[in-house]
Amino acid sequence: MKILKSLLLTLAMICISSVWSQEKRFKIHTVAFYNLENLFDTINDPLKYDEASPIMEMKANRSEVYQKKIKNMARVIANIGTDMAKNSPAVIGVCEIENRDVLEDLINDPLLLGKDYGIIHYDGPDRRSIDVALLYQKALFKPIDSSSHELLIYDDVTRKRVYTRDQLLVSGELDGDLIHILVNHWPSRSGGEARSRSKRVGAAKLNKRLIDSLQSIDPYAKIFTIGDLNDDPTNESVKKVLKAKKDKKKVPFKGIYNPYEKMFTEKGWGTTAYRDALSLFDQIMMTKPLLNEDYSSFRFWKAGIYNPSYMFNKRGRYEGYPFRSFADGGFTGGFSDHFPVYVYLIKEVKE
């Protein structure tokens with residue numbers, strides 16, 4: 001009871017408008033995203049280019065490394081959101097996974113088994129054989145529909161198709177509220193940011209078309225677009241194509257809000273790092289209906305980056321960077337080269 005009272009008081013002071021004179025009770029759920037950094041199994045699939053994955057390049061101890069990797073990923077997912085929601089994420093998008101089998105192993109880890117996570121996954125065309133997926137607690141989220149959408153992009157020089165990750169669209173009821181979630185892993189910056197920019201702009205255009213199609217059916221649709229975008233909140237794909245706003249008050253009807261832009265531009269926070277540069281590639285954006293202050297249904301409360309001390313390097317050249325799983329041809333014992341991101345949703349509970 002003491003924990004519940006403390007939670008309610010915190011919400012009342014931080015979240016609820018000061019004009020509300022009495023304490024109110026709220027449900028809290030977490031929506032999250034995590035790049036699992038090359039979660040591949042140890043079996044060589046002759047139909048995939050999985051032999052280039054870090055674990056397959058190892059000469060020994062693959063099974064031991066795989067089991068440790070699974071446990072590390074399960075530990076992180078089990079902990080996201082527990083400080084306020086007192087529960088692991090109701091739904092969490094993931095990327096850099098090889099297949100459904102690794103997800104089955106993940107959700108059956110002892111740390112997650114009791115959460116009874118379901119899986120939504122499609123095999124995609126990515127040349128490295130990595131996919132996106134959505135995990136959801138069956139008691140909290142009821143899928144209604146799902147679909148996978150291919151991104152058609154081409155090499156600037158050869159004009160050959162570049163095979164990359166599909167975008168996953170899932171619609172369902174979160175504790176009774178209809179929401180839509182787009183899970184993304186946009187094309188990398190291979191070849192440099194400028195040279196590869198058009199590919200991520202293409203990914204953003206596909207994302208925008210999917211959002212527009214949902215809004216054409218229901219202008220008040222609650223839509224999340226989540227993922228590793230390989231772009232910061234200030235890049236063209238996010239600012240010019242999605243037209244995401246950093247200020248909630250300036251989000252137009254059918255517009256998109258990005259709570260991670262202020263974290264990046266004003267606080268200097270990031271989710272991954274490369275060559276001494278910190279980037280905030282992992283983001284969760286949402287449409288305007290999630291920002292309304294009518295808490296009779298789930299609304300956005302706050303966003304965050306999950307980066308407890310055990311998940312980052314404590315010393316050396318990469319101090320403060322994510323404690324990644326693989327480096328220099330071996331397993332480090334770490335977690336991922338990305339920090340997860342999450343948002344809290346709240347809904348008033350009537351007596």
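## A loop residue to start with

A residue is called partly exposed when its relative accessible area falls between the buried range, under 20%, and the exposed range, over 50%. Asp175 has a relative accessibility of 25%, so it counts as partly exposed. You'll find Asp175 in the loop between strand S8 (167-174) and strand S9 (177-185).

Asp175 also has a positive phi of about 50°, although it is not a glycine. Why point that out? Because most residues other than glycine have a negative phi. Asn61 is another case: its phi is positive at about 60°, and it is not a glycine either. Asn61 sits in the loop between helix H2 (54-57) and H3.

## How far to trust the model

Keep in mind that this is a predicted model. The mean pLDDT of the protein is 92, and 93% of its residues reach 70 or more. Over residues 1-21, though, the pLDDT is below 50. That stretch has 23 contacts in the model beyond near neighbours in sequence.

## The six-stranded sheet

One open sheet has six strands, and reading across it you get the order S3-S4-S2-S1-S19-S16, with mixed pairing. At the edges are strand S3 (117-121) and strand S16 (299-305), each of which pairs on one side only. From one strand to the next, the twist averages 20°.

Within this sheet, S1 and strand S2 (residues 91-97) run parallel and pair over six bridges. One spot to look at is Val31, whose bridge partner in S2 is Val91. Helix H3 (residues 62-79) packs on the sheet and touches S1, S2 and S3, with its direction at about 155° to that of S1. Helix H4 (residues 100-107) packs on the sheet too, touching S1, S2, S3 and strand S4 (131-137). The direction of H4 makes about 165° with that of S3.

## Glu37, a buried residue in S1

Is Glu37, in strand S1 (residues 25-39), buried or exposed? Its relative accessibility is 1%, so Glu37 counts as buried. Its side chain makes a polar contact of 3.3 Å with the side chain of Arg324.

Leaving aside residues up to four places away in sequence, Glu37 touches Lys69, Cys95, Glu96, Arg324, Ser325, Phe326, Phe335, Ser336 and Asp337.

## The seven-stranded sheet

There's also an open sheet of seven strands, ordered S5-S8-S9-S10-S15-S12-S11, and its pairing is mixed. Here the edge strands are strand S5 (141-149) and strand S11 (244-245), and each pairs on one side only.

Look inside this sheet for strand S12 (residues 256-257) and strand S15 (residues 282-287), which pair in the antiparallel sense over two bridges. Ile256 stands opposite Thr287 in S15.

## The nonpolar cores

In soluble globular proteins, nonpolar side chains tend to be buried together. Which residues have the most contacts inside the largest nonpolar core? They are Leu106, Phe224 and Val343, in a core of 81 residues. Leu106 touches Leu36, Ile70, Met73, Ala74, Ile77, Leu112 and Leu135, again without counting residues up to four places away in sequence.

Another core lies apart from the largest one. This other core has 21 residues, among them Leu169, Ala203, Leu214 and Leu242.

Key
Residues are numbered from 1 along each chain as its sequence is written. This is a predicted model: local features need pLDDT of at least 70, side-chain atom pairs count only at pLDDT 80 or more; totals for chains, interfaces and linings use all residues. Side-chain values use heavy atoms; hydrogens and water are left out. Buried means under 20% relative accessible area, exposed over 50%, partly exposed in between (1.4 Å probe, protein chains only). A polar contact is a pair of N or O atoms within 3.5 Å; within protein, one must be able to donate a hydrogen and the other to accept it, and residues adjacent in sequence count only if both atoms are side-chain atoms. Contact means heavy atoms within 4.5 Å. Two strands pair if DSSP finds at least two bridges between them. Helices (H or I, at least four residues) and strands (E, at least two) are DSSP runs, numbered from the N terminus. Axes are lines fitted to C-alpha atoms, for helices over the stretch in contact, and angles run from 0 to 180 degrees between N-to-C directions. A nonpolar core is a set of buried Ala, Val, Leu, Ile, Met, Phe, Trp, Tyr and Cys residues joined through side-chain atoms within 4.5 Å. pLDDT is the predictor's confidence in each residue, from 0 to 100.
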